[in-house]
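Okay, thanks for having me, everyone. I'll put the structure up and then walk you through a pocket and a handful of residues.

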Amino acid sequence: MYPYLVMPTIRAAQQTDNEASKLDIYNAANPGRGYIKFQVTSGGIPVEGAKITVSGNICGNSYITRVLTTDADGKTEDESFPAPDKTMSEAPGGTRPYSVYDAEVSKEGYITTDFSNIPVFDGTVSIQAVNLTPDIGGRNRTVPVEIREDGYQNL
């Protein structure tokens, strides 16, 4: 999932005009706000302090959009992300009515798990369940999990 560029929430002075232009285009195409909430467990037991790095693809580049940490219940707050306006899902057409994000979930003593293409709809909370596997002495590994929402089917 690396290397990443950090996606600022506001236009920073050190940002190049090209990066700012890409962010402006992305934000214009995604004027709505959707939410992701993570629930991290291991064998049904909440995992406190898991680090979740959420990234999005903006004009062909991956950007870290948020770094979250789970609480004592293994949950994060509902975190807001840009998404296409919900009216795009109310009419037929060729445009995907949601945005997608990737996430990497890690915690010392557990195998890192990657999630791809987490769908985020305007005005909706997407709950992403994560089951971390304890690392019992093997080399540090990453377990990829593909969420098959990238093949939008227009009904």
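Let's start with the largest pocket, which holds about 290 Å³ of space. Before I go on, this is a predicted model, with local features needing pLDDT of at least 70 and side-chain atom pairs counting only at pLDDT 80 or more, while totals for chains, interfaces and linings use all residues. Numbering runs from 1 along each chain as its sequence is written, and side-chain values use heavy atoms, with hydrogens and water left out.

You'll want to know what I mean by a pocket. On a 1 Å grid over the protein atoms alone, a pocket is an open set of points where a 1.4 Å probe fits, with protein on both sides within 12 Å along at least five of seven lines; if the probe fits but cannot get out, that's a cavity, and lining residues have an atom within 4 Å of a point. Points are joined across faces, edges and corners, and the volume is the space filled by probe spheres set on the points.

So who lines the largest pocket? There are 17 lining residues, and the closest to the centre are Tyr26, Asn57, Arg96, Ser99 and Val100. Helix 1 (17-29), strand 4 (51-58) and strand 7 (99-106) are the elements that give two or more residues to the lining, and strand 7 has the largest share, with four residues. Helices and strands here are DSSP runs, numbered from the N terminus: H or I with at least four residues for a helix, E with at least two for a strand. By class, the lining has seven nonpolar, eight polar and two charged residues. For the record, nonpolar is Ala, Val, Leu, Ile, Met, Phe, Trp, Tyr, Cys and Pro, charged is Asp, Glu, Lys and Arg, and the others, Gly among them, are polar.

Zooming out for a second. The chain has one helix and 10 strands, in the order β-α-β-β-β-β-β-β-β-β-β along the sequence. Of its 155 residues, 39% are buried, where buried is under 20% relative accessible area, exposed is over 50% and partly exposed is in between, with a 1.4 Å probe and protein chains only. Among contacts (heavy atoms within 4.5 Å) with a separation of 6 or more, 66% join residues 24 or more positions apart.

Back to the pocket and Arg96, which sits in the loop between strand 6 (79-83) and strand 7. Is Arg96 buried or partly exposed? Partly exposed, because its relative accessibility is 31%. Its side chain makes a polar contact with the backbone oxygen of Tyr98 at 3.1 Å. By polar contact I mean a pair of N or O atoms within 3.5 Å; within protein, one must be able to donate a hydrogen and the other to accept it, and residues adjacent in sequence count only if both atoms are side-chain atoms. C-alpha to C-alpha, Arg96 and Pro84 are separated by 8.3 Å, with their positions 12 residues apart along the chain.

Tyr26 also comes up again, through Asn30. Asn30 is in the loop between helix 1 and strand 2 (32-42), and a polar atom of its side chain lies 2.9 Å from the backbone oxygen of Tyr26. Asn30 counts as buried because its relative accessibility is 9%. Leaving aside neighbours within four places in sequence, Asn30 is in contact with Pro82, Ala83, Pro84 and Ser99.

Now for strand 7, which holds Asp102. Asp102 is partly exposed at 24%, and a polar atom of its side chain lies 2.9 Å from the backbone nitrogen of Asn117. Asn117 itself is in strand 8 (residues 112-120) and is buried at 14%. What is the phi of Asn117? It's positive, about 60°, although Asn117 is not a glycine. Most residues other than glycine have a negative phi.

Two more loop residues. Thr76, between strand 5 (61-69) and strand 6, is buried at 4%, and its side chain reaches the backbone nitrogen of Phe38 at 3.0 Å. Beyond four places in sequence, its contacts include Ile36, Ile52 and Leu68.

Phe121 is in the loop between strand 8 and strand 9 (125-131) and is partly exposed at 31%. Phe121 touches Arg33, Gly34, Tyr35, Ala83, Pro97 and Tyr98, not counting residues up to four places away in sequence.

That's my tour, happy to take questions.
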